[in-house]
Amino acid sequence: KKKLTLHNRNTGQWGFTTIETKDSKSIEEIDSVSIKEIIEDYKIFILKLDIEGAECDILSNSHEDLAKVPVIIIELHDRIVKNTSSTFFNFCKRYKRIIFNIGSEKFITITKDVFLN
């Protein structure tokens with residue numbers, strides 16, 4: 001398993017991230033789990049991604065595995081990693097996913113076949 005460094009962005013315990021920023025300090029090393037491992041180990045229908053800036057990395061590098069998840073709830077953090085929103089919208093367009101905005105930076109995206117089952 002890949003090791004990641006957990007960083008404190010000084011926004012409370014809900015703001016820890018694996019993305020190093022100028023405001024962050026290293027806390028500890030942690031084991032990672034890939035989207036592919038989660039999908040292979042569990043039957044995932046809904047996946048919530050609120051991972052303080054790491055969304056862009058997953059959307060860019062695990063998009064084929066992520067596209068297999070019928071419903072994704074995501075909070076985008078452009079203030080931490082630039083272009084996270086555009087990466088998300090490109091992912092949705094590429095895989096022909098439907099998007100619902102449920103808050104300023106919160107979205108739900110679903111595959112079209114969710115309505116057909």
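In this predicted model, strand 5 and strand 6 make a hairpin, with 2 residues between them. Strands here are DSSP runs of E with at least two residues, helices are runs of H or I with at least four, and both are numbered from the N terminus. Strand 5 covers residues 98-103, while strand 6 takes in residues 106-110. The two pair in the antiparallel sense over 5 bridges, where pairing calls for at least two DSSP bridges between the strands. Across the hairpin, glycine 103 sits opposite lysine 106 of strand 6, and asparagine 101 sits opposite phenylalanine 107 of strand 6.

The hairpin belongs to an open sheet of 4 strands, ordered 3-4-6-5 with mixed pairing. Strand 3 (46-49) and strand 5 are the edge strands; each has a single partner, so one side of each is left without a neighbour in the sheet. From one strand to the next, the twist averages 15 degrees. Helix 4 (residues 84-94) lies across strand 4 (71-75), strand 5 and strand 6, and runs at about 15 degrees to strand 6. For these angles, axes are lines fitted to C-alpha atoms (for helices, over the stretch in contact), and values run from 0 to 180 degrees between N-to-C directions.

Back on strand 5, isoleucine 102 is partly exposed, with a relative accessible area of 46%; that class lies between buried (under 20%) and exposed (over 50%), using a 1.4 Å probe and protein chains only. Together with Phe100 and Phe115, Ile102 makes a nonpolar surface patch of about 320 Å². Patch members have over 30% relative accessible area and no salt bridge, with nonpolar side chains (Val, Leu, Ile, Met, Phe, Trp, Tyr) joined within 5 Å and like charges within 9 Å. A salt bridge puts a side-chain nitrogen of Lys or Arg within 4 Å of a carboxyl oxygen of Asp or Glu.

As for the whole chain, there are 4 helices and 6 strands, following the pattern β-β-α-β-α-α-β-α-β-β along the sequence. Of the 117 residues, 38% are buried. The accessible surface comes to about 7,700 Å², with 51% belonging to carbon and sulfur atoms; areas come from the Shrake-Rupley method with a 1.4 Å probe, and for residues only the protein chains shown count as cover. Among contacts (heavy atoms within 4.5 Å) with a separation of 6 or more, 56% are between residues 24 or more positions apart.

Residues are numbered from 1 along each chain as its sequence is written, and side-chain values use heavy atoms, leaving out hydrogens and water. Local features need pLDDT of at least 70 and side-chain atom pairs count only at pLDDT 80 or more, whereas totals for chains, interfaces and linings use all residues.
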